[in-house]
Every structure is written in C-alpha cells, then in structure tokens.
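Welcome to a short set of exercises with worked solutions. Try each task on your own before reading on.

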Amino acid sequence: MKLLGEDDFTEAMNGSCRKWREGSVKNDFITSFDGTKINYYYAFPEQMKAIIVMFHGFCEFWGKYHEMAWYFYSQGYGFFFPEMRGHGLSGGKLTEKDLVHVKNYDQYVSDMKLFYDKVVSKREGTKILFAHSMGGAVAAIYLENYPSDYKAAILSSPMLRLKTGGISPAKINLLRLYVHLFHKEKQLSVGQHHFDGVNVFETSSCQSKARYDYLFGQRLADEEYQTYGATFGWSLASLSATKELIKNAGSISTPLLVFEAGNDHLVDPTGYTDFLAKVPQAEHIKYETSKHEIFNSTDDVRADYYKHIFDWLKQNV
C-alpha cells in the first residue's frame with residue numbers, strides 16, 4: 001500500500017481521495033435514545049475482509065479521517081464513521097457550537113451501542129473497532145460492557161487518563177462541587193478556549209503541516225466543524241469516565257492493539273501502565289517521538305504505524 005507523504009497529501013485529498021469520497025462514501029443518520037441525531041459515514045468495497053467502526057477524538061469529525069478511511073477501503077475493509085454527539089454534523093451541540101459538552105460518558109456509550117444495534121449489526125462480516133483519544137475512552141467502556149460486539153479493537157492514543165497539570169484530586173472535587181452548586185456545567189472549562197480561527201500548528205497534536213492545514217481549512221469553512229473547547233461538564237465527565245474505565249479494565253476480553261504517543265501533552269502515560277496491567281492480551285506499541293495524533297505524525301512513524309495496523313488486522317480478522 002502506498003502511503004501519502006507530506007508533498008503529495010493535499011493534492012491527493014483534493015483529487016483522487018475526493019473522487020473516492022464522492023463516488024463511494026455514503027452519509028446517513030440515526031436518532032439516538034434521547035432524540036439526538038447521530039450523523040455517520042460509511043463505505044464498503046466489493047471484496048470486503050471486515051468492517052471497521054471508527055470512534056473519533058475530542059473536537060474531531062469525519063474530515064480528519066479521510067486519509068485513514070481511504071486506506072482501510074483500499075485494503076479491503078469497509079467502515080462506519082459515526083460522529084459523536086456534539087461533534088461534526090451530529091446533534092447535541094450547545095448554542096455556542098464551538099464548545100463540546102456531555103453529561104457523562106454513558107451518553108456516548110449508549111449512542112454507540114444503539115448505532116451498533118441499529119446499523120452495524122445489520123451488515124454481515126467481522127466487526128473491528130478503531131478508536132482514537134476520547135474515542136478510545138468510549139471504546140474501552142464499551143468493550144467492558146459489551147464484549148461480544150467487536151472481535152478485536154485498535155486503540156490509538158486512547159484517553160485512558162487525562163493530564164491535569166498537577167491539580168490534586170482534592171481540588172478537582174472542590175471544582176466539581178463548585179460547578180454543580182453554581183450550574184456551570186455548560187460553561188467553558190479552565191484552560192479551554194473558543195475557536196478564534198488562528199492556525200496553531202506548532203503547538204498542536206499534529207506533526208504534519210499538510211494534514212493540519214487540510215483539517216483547519218475545513219474548520220474555517222464550516223462552523224459545524226469549529227468544535228474547540230471543553231465545558232466544565234465534559235472535563236469532569238472525562239475525569240470520572242477514565243477513572244472508572246481503568247478500574248474495570250480487567251473485564252475486557254477483546255484482543256487489543258494499543259498505540260501510545262511518547263510526546264503526548266494530553267494523555268497521562270500512567271494511564272497506559274495501569275490499563276495494560278489489567279489487559280494482558282493487549283499488544284502495546286509506543287512511538288517515543290510522536291505527538292498525540294500518531295496518524296498525523298512524521299512519515300517514518302506513520303509508515304510503521306500503518307504497517308502494524310494492517311499486519312495486526314490480518315491476524316485478527
């Protein structure tokens with residue numbers, strides 16, 4: 001499989017990949033348990049090896065995964081790409097559309113379970129789960145509760161524990177009390193920002209300028225893609241969810257491939273240590289120089305990353 005480099009990425013995305021998306025990728029939505037619209041994309045090659053369901057990360061949307069989905073398809077894998085509530089073209093957004101809010105992670109998991117039951121399960125074939133960052137946390141909780149839905153799962157820089165900047169658990173509990181008492185759940189969280197249209201590639205989680213610019217252009221063009229900051233509700237829900245998912249990690253029986261970014265400013269590496277200790281069947285690969293988005297890392301890292309993914313898929317499909 002030929003991977004795109006830094007020089008030919010943009011031309012391919014706007015050329016041959018765009019033609020593929022327009023000709024092969026379809027778009028639909030379901031209504032979730034509370035009436036929220038969950039938007040999703042899908043495509044299936046003629047000779048399909050398996051179906052990969054993709055859980056994206058915080059503030060992400062379909063456009064960030066055009067390249068990866070194209071690779072999956074080209075290698076004979078169909079895919080579903082649901083946009084989580086509050087992201088992309090799905091419902092569940094606040095009036096300030098650039099803020100991401102959720103009451104708790106049970107909402108994400110319930111959405112994805114309904115999506116599996118209503119959509120994914122209707123398609124014949126082996127089901128594989130791919131999840132990145134926040135999606136990795138949702139995936140871990142999902143696998144703890146519904147172990148028979150997916151044959152295997154790939155977790156890429158999963159949000160197993162957030163970096164909190166040294167804030168103690170006691171202070172977090174005080175913050176939780178403050179937010180609850182003064183009904184601040186839907187307000188911008190500490191350290192978060194509204195979308196301002198400023199290109200911040202140098203401090204981003206991406207090491208490919210071409211890939212960052214491709215995504216950023218989509219954000220500038222459509223306010224639905226400008227999700228940028230977390231509410232207090234999302235932040236506290238994430239802290240609670242990651243604590244519980246590690247506590248219950250021992251119940252995961254699904255074969256796992258877990259990728260860790262060594263230069264990750266979002267995910268606390270101790271989360272990997274605690275999680276992997278309870279999931280002995282997981283294969284763990286760490287890229288010391290990569291930032292959080294391994295699929296948007298340097299050419300050499302991405303080449304090794306995709307090689308591991310497709311070799312592992314051959315063994316587990």
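**Exercise 1. Find out whether Gly5 counts as buried, partly exposed or exposed.**

Solution. Start with the relative accessibility of Gly5, which is 17%. Buried means under 20%, so Gly5 counts as buried. Keep in mind as you work that this is a predicted model.

Next, place the residue: Gly5 sits in the segment before α1. Then look for its partners. Setting aside neighbours within four places in sequence, Gly5 is in contact with Arg211, Asp299 and Arg302. Finally, compare chain and space: Gly5 and Thr298 are 293 residues apart along the chain, yet 8.9 Å separates their C-alpha atoms.

**Exercise 2. Describe the protein as a whole, and work out why it can be called as compact as a globular protein of its length.**

Solution. Begin with the parts: the protein has ten helices and ten strands. Its radius of gyration is 18 Å, and the globule rule gives 20 Å for 317 residues; the two values are close, so the protein is as compact as a globular protein of that length.

Now add the dimensions. The C-alpha trace spans about 55 × 45 × 40 Å along its principal axes. Of the 317 residues, 56% count as buried. As for contacts with a separation of 6 or more, 79% come from residues 24 or more positions apart.

Last, turn to the surface and the charges. About 13,800 Å² is exposed, with carbon and sulfur atoms supplying 51% of it. There are 35 positive and 38 negative side chains, and the centres of these two sets lie 4 Å apart.

**Exercise 3. Check whether the length of helix α8 agrees or disagrees with what its residue count predicts, then find what its buried residues pack against.**

Solution. Helix α8 covers residues 232-247, which makes 16 residues. At 1.5 Å a residue they should span 22 Å; the end C-alpha atoms are 23 Å apart, which agrees.

Now list the buried residues of α8: among them are Phe232, Trp234, Leu236, Ala241, Leu245 and Ile246. To read such a list, recall a general rule. An α-helix has 3.6 residues a turn, so residues three or four places apart point the same way. The elements that the buried residues of α8 pack against are β5, α4, α5, α6, β8 and α9.

**Exercise 4. Do the same for helix α7: what span is expected, and what covers its buried residues?**

Solution. Helix α7 runs over residues 209-221 and has 13 residues. The expected span is 18 Å, and its end C-alpha atoms are 18 Å apart, so the two agree.

The buried residues of α7 include Tyr212, Tyr214, Leu215 and Phe216, and also Arg211 and Arg219. Their cover includes α1, α2, α3 and α10. Here a link to the first exercise appears, as Arg211 is one of the contacts of Gly5.

**Exercise 5. Identify where residues with a positive phi lie: take Cys59, Ser157 and His183.**

Solution. First, the background: most residues other than glycine have a negative phi.

Cys59 has a phi near 70°. This residue lies in the loop between β3 and α3, and Cys59 is buried, with a relative accessible area of 5%.

Ser157 has a phi near 45°. Its place is the loop between β7 and α6, and Ser157 is buried at a relative accessible area of 0%.

His183 comes just after α6, with a positive phi of about 55°. Helix α6 itself has 13 residues and reaches 18 Å from its first C-alpha to its last, close to the 18 Å expected.

**Exercise 6. Contrast two strand residues, Val53 and Thr31: which is buried and which is partly exposed?**

Solution. Val53 lies in strand β3 and is buried, with a relative accessible area of 0%. Leaving out residues up to four places away in sequence, Val53 touches Phe80, Pro82, Phe115, Val120, Ile128, Leu129, Phe130 and Tyr150.

Thr31 is found in strand β1. At 39% relative accessibility, Thr31 counts as partly exposed. Beyond its neighbours within four places in sequence, Thr31 is in contact with Thr36, Leu114 and Lys118. The C-alpha atoms of Thr31 and Lys118 are separated by 9.9 Å, although their positions lie 87 residues apart along the chain.

Terms used
Residues numbered from 1 in each chain as written. Predicted model: local features only at pLDDT ≥ 70, side-chain atom pairs only at ≥ 80, totals over all residues. Heavy atoms only, no water. Helix = DSSP H or I, 4+ residues; strand = E, 2+ residues; numbered from the N terminus. Expected span 1.5 Å × (residues − 1). Rg over C-alpha atoms; globule rule 2.2 N^0.38 Å. Buried < 20%, exposed > 50% of the residue type's maximum accessible area, 1.4 Å probe, protein only. Contact = heavy atoms within 4.5 Å. Areas by Shrake-Rupley, 256 points an atom, 1.4 Å probe, with all protein chains shown as cover. Lys, Arg positive; Asp, Glu negative; His and termini not counted. Charge placed at Lys NZ, Arg CZ, Asp CG, Glu CD.
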